[in-house]
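Here are some notes on the fold for your review. Please read them beside the coordinates.

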Amino acid sequence: MTQKSEPRTARPAPRTPTPSRRSLAVAKPRDEMLTIPEVIEEIGVPRATFYRWRQCRKGPRAIKLPNGAVRIRRSELDRWLGALEEAA
């Protein structure tokens with residue numbers, strides 16, 4: 001007696017959950033926090049000039065961390081540069 005073997009069918013691929021709109025909205029990239037050396041290198045001014053601008057409140061807004069370090073958000077630097085561009 002010979003038995004007929006049934007043709008094998010491929011297994012369906014496992015489903016991966018699709019992200020909902022809510023989870024996509026939450027996955028925003030964080031705003032980069034720049035150090036003062038990174039900022040002065042990017043805008044090409046001496047350190048003393050940058051600190052003078054900070055003292056006169058003409059520079060980009062900064063954040064002072066609890067450990068005393070100063071950081072500037074990338075979005076704030078871009079906003080500040082854009083405002084200078086418009087004023088020129």
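A crossing of two helices is called left-handed if the near helix is turned anticlockwise from the far one by less than a right angle, and right-handed if the turn is clockwise. The model discussed here is predicted.

1. Helix pair. By that convention, helix 2 passes helix 4 in a right-handed crossing. The axes of helix 2 and helix 4 (residues 74-87) cross at roughly 30° and come within 12 Å. Helix 2 contributes V39, E42 and I43 to the contact, and helix 4 contributes R74, L77, W80 and L81. By class, this contact has 5 nonpolar and 2 charged residues, with no polar ones.

2. Sheet. There is an open sheet of 3 strands, in the order 1-3-2, and the pairing is antiparallel. Strand 1 (33-35) and strand 2 (63-64) are the edge strands, each pairing on one side only. Helix 2 (residues 36-43) packs on this sheet and touches strand 1 and strand 3; the direction of helix 2 makes about 85° with that of strand 1.

3. Strands 2 and 3. Strand 2 pairs with strand 3 (residues 70-73) in the antiparallel sense, over 2 bridges. Which residue stands opposite I63 in strand 3? That residue is R71.

4. Pocket. The largest pocket holds about 170 Å³ of space. Its lining consists of R54, R57, G59, P60, R61, A62, I63, K64 and V70. These lining residues divide into 4 charged, 4 nonpolar and 1 polar. I63 thus appears twice in this note: in the lining of the largest pocket, and opposite R71 of strand 3.

Conventions:
Residues are numbered from 1 along each chain as its sequence is written. This is a predicted model: local features need pLDDT of at least 70, side-chain atom pairs count only at pLDDT 80 or more; totals for chains, interfaces and linings use all residues. Side-chain values use heavy atoms; hydrogens and water are left out. Two strands pair if DSSP finds at least two bridges between them. Helices (H or I, at least four residues) and strands (E, at least two) are DSSP runs, numbered from the N terminus. Contact means heavy atoms within 4.5 Å. Axes are lines fitted to C-alpha atoms, for helices over the stretch in contact, and angles run from 0 to 180 degrees between N-to-C directions. On a 1 Å grid over the protein atoms alone, a cavity is a set of points where a 1.4 Å probe fits but cannot get out, and a pocket is an open set with protein on both sides within 12 Å along at least five of seven lines; lining residues have an atom within 4 Å of a point. Grid points are joined across faces, edges and corners, and a volume is the space filled by probe spheres set on the points. Ala, Val, Leu, Ile, Met, Phe, Trp, Tyr, Cys and Pro count as nonpolar, Asp, Glu, Lys and Arg as charged, and the others, Gly among them, as polar.
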